[in-house]
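Reader: I'm new to looking at protein models. Could you walk me through some charged pairs?

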Amino acid sequence: VPSRFTRAREGFASPDRHVIVSRSSEVIEIADRRPAVVEQPTERAQAFLRLADHHLDAAYRLARAILRDATDAQDATHDAFEQAWRKWSTLRDPSRFEPWFDRILVNTCRDRLRSGRRAATDISVEVAITTGDPFAQSHDRDLLANAIAALPPEHRVVVALRYYRDLPVEEIASRLDIPPGTVHSRLHYALKRLHASLDAADGKGTTR
Amino acid sequence: MTDHELEQRLRSWYRAEIPGDETAPAALRSSIPAIPVTVPSAGRRGGTRGRGFTLLAAAALVALLAGTAIVGARLLDPLPGPSATAATWTATGSMPNSHVNHTATLLPDGRVLMVGAYDSDGAPASAELYDPSTGSWKATGDMTRGRAEHTATLLLDGRVLVAGGGDSGTARTNTAELYDPSTGSWTATGDMTEARSGHTATLLPDGRVLVAGAGGDNGVASATAELYDPRTGTWTATANMMERHSYHTSTLLPDGTVLVAGGGESIAPSCTSRAPGRGPPPRR
């Protein structure tokens, strides 16, 4: 999945859009066939941008916690803010922006994990565990990183919300719109898998 | 290891992996303000769709009007429908210098980068930025050399690729450079495989840039084309066009192919042909 910042934006050349060209015809930008009036940002846009700016760093860090890869996190955060703007009218109370936006962000991150980027990381886990590569296993942080990367997307999300954000189970359940029991079971399963991965690595000659 | 120890290890790992003061990359931060402009929002009162030109269109119009900067903008409100016939033109700040055979490129933050031109002494290396919020122009960093009849292409990472052009009526260059809006500075990148002016540059869906054709010496245009890869900063020749094209148009179509049309080997318009696009079809 190439990065937003190194790939075409989705809908780049959808049929209902114009291609605007300069005299020498380089594509400058794509505009809606029925575009918006040129105007200063509306009040609602300004409110959105204020909140987006205020929460941008924390949102990016949460995306990093879930995805780890900086470029992926950058893409996911941008996509989440686009989604948030599309759904802006559904946010009744601006003071609830953070949990409202977090749900959009974690869903975006989860979808990116599902899209297939995990394959390469999974292989590295298997290599580290099965070959007993002393260089890889001497790096405790890498081992844990690989073990986390091998978790299913839903479990990576709850692990990040629990151990990075330090959110209580009820709050995670609310963010993800799932029952607290499901959060408990995902955490339980995730810890079990992490134990198994780390134990397997330790048992193959780790220096620790 | 107990569950509690593993939980502590996880918390420590996250703290080390993602420092609390880690900030969002500048490219991400600068991309956010464009969202309300470019992304439709559900529930917008009455909707502003269907009424007039976008800021983007306005920027393109700036590009089209050499010498006099006019932004097609604020329309009568409310308009009865999507017709642009009720659009009006409003004068905006004049450019510091007159321009001809320049380029104008909309930046992700809404400003417009104006590059190159011919003047009485050749082509200056200066570049200017138009700020639509104030209607004013200001100088930004100079290019590494003067250019006119070049191309300027916004890359997916927010930088602008400026390629080719000349500094007089006959001297054309194969050099290219990148403008970084966050610093206002220019950096040389790889040279094209041949010197070009009067060519076109088209951003492909995969982020590469297709450069095609060129005006040639003795009135003979070029049929060659090449691809710029922003990840490596290098150019690679690709298949020649069926005909020679200069001062033509090149347009990315919805299916990912690139339409090259018009232009000619000399002054007269000659031909229209369709070249296969490079890169995957756009994602739906």
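**Salt bridges, exposed and buried**

Author: Sure, and keep in mind that this is a predicted model. Let's start with B:Arg231, which counts as exposed at 65% relative accessibility.

Reader: Which residue forms a salt bridge with B:Arg231?

Author: We want an acidic partner here, because a salt bridge pairs a nitrogen of Lys or Arg with a carboxyl oxygen of Asp or Glu within 4 Å. The closest N and O atoms of this pair are 3.1 Å apart. The partner of B:Arg231 is B:Asp229.

Reader: Is B:Asp229 buried or exposed?

Author: Its relative accessible area is 15%. Buried means under 20%, so that value settles the matter. B:Asp229 is buried.

Reader: Which residues join A:Glu98 and A:Asp102 in one network?

Author: Here the salt bridges share partners, and that is how the residues get linked. Along with A:Glu98 and A:Asp102, the network takes in A:Arg165, A:Glu171 and A:Arg175.

Reader: What is the relative accessible area of B:Arg196?

Author: B:Arg196 meets B:Glu194 in a salt bridge, side chain to side chain, at 3.7 Å from N to O. B:Glu194 is partly exposed, at 25% relative accessibility. B:Arg196, though, is buried, and its relative accessible area is 0%.

Reader: Back in chain A, which residue meets A:Arg110 in a salt bridge?

Author: The N to O distance for this pair is 3.3 Å. The partner is partly exposed, because its relative accessible area of 40% lies between the 20% and 50% cut-offs. The residue is A:Asp111.

Reader: How many salt bridges does the structure hold?

Author: We've only talked through a few of them. Over all chains, the number is 23.

Conventions
Residues are numbered from 1 along each chain as its sequence is written. Chains are lettered from A and ligands numbered from 1 in the order in which they are written. This is a predicted model: local features need pLDDT of at least 70, side-chain atom pairs count only at pLDDT 80 or more; totals for chains, interfaces and linings use all residues. Side-chain values use heavy atoms; hydrogens and water are left out. Buried means under 20% relative accessible area, exposed over 50%, partly exposed in between (1.4 Å probe, protein chains only).
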